[in-house]
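Me: I would like a close look at one part of this protein, the paired charged side chains. Please take me through them slowly, and end with a few words on what lies elsewhere.

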Amino acid sequence: PRFRTPVRHRGVEGLLLVVHTVAYVGALLLVMSPLKALLFAAVHQGLWGLYMGCSFAPNHKGMPMPTAADELDFLRKQVLTSRNVRGSRLVDLALGGLNYQIEHHLFPNMPRANLRRARPLVRAYCAERGVPYVETGLVESYRQALAHLHEVGRPLRGD
């Protein structure tokens, strides 16, 4: 049987999603006309999606995509398919700690504040095991991601 992660508080999560949606829509309608509220929500959600895409893309785009034939163990699958984005505490804040993508994948339940502290331990362990640990700066991570997207789009452009 396939492994399934248990969902612990499904009812509470569902209720909180409904409360959030009602509060969001209610707050918008309280201070804006329905048309302005709709426009605001569309722009807000669009910008939020762009921000989230910019937070996730630099960590995975252009990294190897193993197939079942590769038979990677858990460590290699998580480390080889992710890259960390190094930077300051500001980068940590802007990317929500997801710049420590390798540690996040290895320890998904670890509090975000501890990912930075786990990094040297994970790097050392990977070096000891001979597993490449990829880390780059923010601008370089975007350059690599965009270069990868440009390359995979080449057949569609007819280059």
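Reply: Happy to! A residue is called buried under 20% relative accessible area, exposed over 50% and partly exposed in between (1.4 Å probe, protein chains only). The model is predicted, so local features need pLDDT of at least 70 and side-chain atom pairs pLDDT 80 or more, while totals for chains, interfaces and linings use all residues. Numbering starts from 1 along each chain, and side-chain values use heavy atoms, without hydrogens or water.

Now to the charged pairs. The count comes to 6 salt bridges, each a side-chain nitrogen of Lys or Arg within 4 Å of a carboxyl oxygen of Asp or Glu. One of them joins R76 to D73, with 2.8 Å from N to O. R76 is partly exposed at 27% relative accessibility, and D73 is likewise partly exposed, at 37%.

E135 deserves a longer stop. Its side chain meets that of R119 in a salt bridge of 2.6 Å, N to O. That pair links distant parts of the chain, since R119 belongs to helix α6 (residues 112–129) and E135 to strand β2 (residues 135–137), 16 residues apart. Helices (H or I, at least four residues) and strands (E, at least two) are DSSP runs, numbered from the N terminus. E135 also forms a salt bridge with R123, again at 2.6 Å, N to O. Here too strand β2 is linked to helix α6, with E135 and R123 12 residues apart. Through shared partners, R119, R123 and E135 become one network. Within this network E135 is buried, at 14% relative accessibility, whereas R119 is partly exposed at 23% and R123 is partly exposed at 37%.

Elsewhere, the domain assignment gives domain 1 (10–56) and domain 2 (58–156); such bounds come from an automatic or database assignment. Their C-alpha centres lie 29 Å apart, and 5 residues of domain 1 are in contact (heavy atoms within 4.5 Å) with 8 residues of domain 2. Across that interface the rule finds 0 salt bridges.

Inside domain 2, look at S82 and Q101 as well. S82, in the loop between α3 (74–80) and β1 (84–86), is buried at 0% relative accessible area. Q101, in helix α5 (residues 101–106), is buried too, at 3%. Beyond four places in sequence, the contacts of S82 include N59, H60 and Q101, while Q101 touches N59, H60, S82, R83 and N84.
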